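Let's take a walk through a protein together. Please have a look at the sequence and the structure below, and then read on with the picture beside you.

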Amino acid sequence: MQSLWIALPLAAALMAAPGCSSTPPRSDMPSRVSYAERYGTVESVTVVEKRTDGVGAGAVVGGVIGGLLGHQVGKGHGNTAATIAGAVGGAYVGDKVQDRNNANRVSYRLSIRMDDGRYQTVTQDDGSFAAGDRVEVRGGSVMHR
């Protein structure tokens, strides 16, 4: 017990000593990226459709929910048939809902000539850009300047 009373203040003093703690970088500190590396001009904008094919999460979730609802119907062999029918029907409906939600998803591929002469290509959901726009590229996203 006596050694615990000695160890706790010693540990606290060591943790408070300079150089023993690491300070995370502050987000308000200036970036080391130069102006020419962050800013540029949009050269082209290409529309890219995002479409997923095949059976996905919609079918799985729909099948589970349909199976649970079907299980509530009937007794004996009728219950088993209702569970299977509910799972199949739920999977079908879930797949169609997922297809409908994914059908109209588009993104935009921006080709940007940076002020330092490099080119960057960024794909994002914001379609408010046009060729000739001055932009800032920060953290993989493009923003109007």
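Is Val93 buried, partly exposed or exposed? Val93 is partly exposed, because its relative accessible area is 49%, and exposed would call for over 50%. Please keep in mind that this is a predicted model, and that the values here are computed from it.

Where does Val93 sit? Its place is in helix α4, which covers residues 77–103. In sequence Val93 and Gly63 are 30 residues apart, and in space their C-alpha atoms lie 8.5 Å from each other.

**The overall plan**

Now step back to the whole chain. The protein chain holds four helices and five strands. Reading from the N terminus, the order of elements is α-α-β-α-α-β-β-β-β. Of its 145 residues, 21% count as buried. Among contacts between residues at least 6 apart in sequence, 61% join residues that are at least 24 apart.

**The sheet**

In what order do the five strands lie in the sheet? They form an open sheet in the order β3-β2-β1-β4-β5, with antiparallel pairing. The edge strands are β3 (119–124) and β5 (141–144), and each of them pairs on one side only. On average, neighbouring strands of this sheet are turned by 40 degrees against each other, direction ignored. As a general point, strands of a sheet pair through backbone hydrogen bonds, either parallel or antiparallel.

The table lists the strand pairs, with the number of bridges and one residue pair for each.

| Strand pair | Bridges | Residues that stand opposite each other |
|---|---|---|
| β2 and β3 | six bridges | Ser111 and Thr121 |
| β1 and β2 | nine bridges | Val42 and Ile112 |
| β1 and β4 | three bridges | Gly40 and Val135 |
| β4 and β5 | four bridges | Val137 and Val142 |

To find these strands in the picture, look for β1 at residues 39–49, β2 at 106–114 and β4 at 134–138. β4 and β5 form a hairpin with two residues between them. In that turn, Gly139 has a positive phi of about 60 degrees.

**The nonpolar core**

Which residues make up the largest nonpolar core? There are nine: Val42, Leu110, Ile112, Met114, Val122, Phe129, Val135, Val137 and Val142. Two elements, β2 and β4, give two or more residues to this core. Of the elements, β2 gives the most, with three residues. Such a grouping fits a general tendency: in soluble globular proteins, nonpolar side chains tend to be buried together.

Val142 is a good residue to zoom in on. Leaving out residues up to four places away in sequence, Val142 touches Leu110, Ile112, Val122, Gln124, Phe129, Val135, Glu136 and Val137. Val137 is also the residue that stands opposite Val142 across the pairing of β4 with β5.

**A closer look at Thr41**

Between Gly40 and Val42 you will find Thr41, whose place is in strand β1. Is Thr41 buried, partly exposed or exposed? Thr41 is partly exposed, because its relative accessible area is 25%, while buried means under 20%. In a regular strand the side chains alternate between the two faces of the sheet.

What does Thr41 touch, leaving aside its neighbours within four places in sequence? Its contacts are Ser111, Ile112, Arg113, Gly132, Asp133 and Arg134. One of these, Arg134, stands opposite Thr41 in β4. Thr41 and Arg145 are 104 residues apart in sequence, yet their C-alpha atoms are 9.8 Å apart in space.

**A charge over a ring**

Arg145 has a partner of its own. The charged end of Arg145 sits over the ring of Tyr39, 4.8 Å from the centre of that ring. How many aromatic pairs does the structure hold? The number is zero.

**Putting it together**

Try tracing the sheet once more from β3 through β2, β1 and β4 to β5. Along the way, look for the core, to which β2 gives three residues. Then finish at the ring of Tyr39, with the charged end of Arg145 over it.

Notes:
Residues are numbered from 1 along each chain as its sequence is written. This is a predicted model: local features need pLDDT of at least 70, side-chain atom pairs count only at pLDDT 80 or more; totals for chains, interfaces and linings use all residues. Side-chain values use heavy atoms; hydrogens and water are left out. A nonpolar core is a set of buried Ala, Val, Leu, Ile, Met, Phe, Trp, Tyr and Cys residues joined through side-chain atoms within 4.5 Å. Buried means under 20% relative accessible area, exposed over 50%, partly exposed in between (1.4 Å probe, protein chains only). Contact means heavy atoms within 4.5 Å. Two strands pair if DSSP finds at least two bridges between them. Axes are lines fitted to C-alpha atoms, for helices over the stretch in contact, and angles run from 0 to 180 degrees between N-to-C directions. Rings of Phe, Tyr and Trp (its six-membered ring) pair if their centres lie within 6.5 Å; planes under 30 degrees apart count as stacked, over 60 as edge-to-face and the rest as tilted. A charge sits over a ring if NZ of Lys or CZ of Arg is within 6 Å of the ring centre and within 35 degrees of the ring normal.
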